[in-house]
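Q: Could you pick one part of this structure and walk me through it slowly? I'm new to this, so please tell me who sits where and who touches what.

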Amino acid sequence: MNTEIANETDAEVDLDEVVALTEYLGEALHMHPGAELSVTMVDEPAMAELHVTWMDLEGPTDVMSFPMDQLSRGRADAPTEGQMGDIIICPAVAAKQAATAGHSTMDEILLLTVHGFLHLLGYDHGEPDEREEMFALQRHLLLTFFAARYDGRTDIPAPTEV
């Protein structure tokens, strides 16, 4: 998976972690190693402009996806090739959502990355059955990424005994 990544904001975002996630998603969803993806972090005014231009909705949103080659999930024996498109994330909106959800901004950015990636592969959540399928896959992918990424870490403090 070839991921081009940029942070056009003042927000601190672990871009290496986002790239690691996109690589994981590419493998898990059977994307060809040469598939191309762009992920860009933008500020609220830029996201608001994109939101009104493309969705005719006012104000900034958390994530937007712009597919290029209308790709779909591949198979192990037939990986999907092509240009996936662009995922645009607004870290400021992600920070607000993270505070409400009770987790870190980076975890929210990773969640939004998975969400945007799935949209690029044609997943949607407009109907209840689509929502259930997409959100279940989103949750599975994020949890398995965390499990694979942090399995065996030694810098996680042990729980303290009371």
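A: Let's start with Val114: leaving aside its neighbours within four places in sequence, Val114 is in contact with Leu21, Leu25, Gln138, Leu141 and Leu142. Keep in mind that this is a predicted model. Val114 has its place in helix H4, and helix H4 runs over residues 105–120. How accessible is Val114? Its relative accessible area is 0%, and the cut-off for buried is under 20%, so Val114 counts as buried.

Two of those contacts, Leu21 and Leu25, lead us to another helix. Helix H1 covers residues 15–28, and H1 and H4 pack at an angle of about 35°. Their axes are 10 Å apart, and the crossing of the two is right-handed. On the H1 side, the contact is made by Glu17, Val18, Leu21, Thr22, Leu25 and Gly26. On the H4 side, Met106, Ile109, Leu110, Thr113, Val114 and Phe117 take part. So what kinds of residues make up this contact? They divide into 8 nonpolar, 3 polar and 1 charged. Val114 is one of the residues on the H4 side, and that is how our starting point fits into the helix pair.

Now stay on H4 and move along to His115. His115 is also found in helix H4. With a relative accessible area of 10%, His115 falls under the 20% cut-off, so it is buried. Not counting residues up to four places away in sequence, His115 touches Val63, His125, Met134, Phe135 and Gln138. You may recognise Gln138, as it is in contact with Val114.

A bit further on comes His119, again in helix H4. Is His119 buried or partly exposed? Its relative accessibility is 22%, and the range for partly exposed lies between 20% and 50%, so His119 counts as partly exposed. If you skip residues up to four places away in sequence, His119 touches Ser65, Asp124, His125 and Met134. Compare that with the list for His115: His125 and Met134 appear there, and His125 and Met134 appear here.

There is a record that picks out these histidines. An unreviewed UniProt entry carries the annotation "binding site", and this annotation covers His115, His119 and His125. The lining of the largest pocket includes His115, His119 and His125. So from one helix we've met Val114, in contact with Leu21 of H1, and two histidines, His115 and His119, that the record's annotation covers.

One last stop takes us just past H1. His30 sits in the loop between H1 and strand S2, and strand S2 covers residues 36–41. Most residues other than glycine have a negative phi. His30, though, has a phi near 60°, a positive value in a residue other than glycine. As for accessibility, His30 is partly exposed, with a relative accessible area of 27%.

Notes. Residues are numbered from 1 along each chain as its sequence is written. This is a predicted model: local features need pLDDT of at least 70, side-chain atom pairs count only at pLDDT 80 or more; totals for chains, interfaces and linings use all residues. Side-chain values use heavy atoms; hydrogens and water are left out. Axes are lines fitted to C-alpha atoms, for helices over the stretch in contact, and angles run from 0 to 180 degrees between N-to-C directions. Helices (H or I, at least four residues) and strands (E, at least two) are DSSP runs, numbered from the N terminus. A crossing is left-handed if the near helix is turned anticlockwise from the far one by less than a right angle, and right-handed if clockwise. Contact means heavy atoms within 4.5 Å. Ala, Val, Leu, Ile, Met, Phe, Trp, Tyr, Cys and Pro count as nonpolar, Asp, Glu, Lys and Arg as charged, and the others, Gly among them, as polar. UniProt positions are given in the numbering used here, feature names are shortened, and annotations may be inferred rather than shown by experiment. On a 1 Å grid over the protein atoms alone, a cavity is a set of points where a 1.4 Å probe fits but cannot get out, and a pocket is an open set with protein on both sides within 12 Å along at least five of seven lines; lining residues have an atom within 4 Å of a point. Buried means under 20% relative accessible area, exposed over 50%, partly exposed in between (1.4 Å probe, protein chains only).
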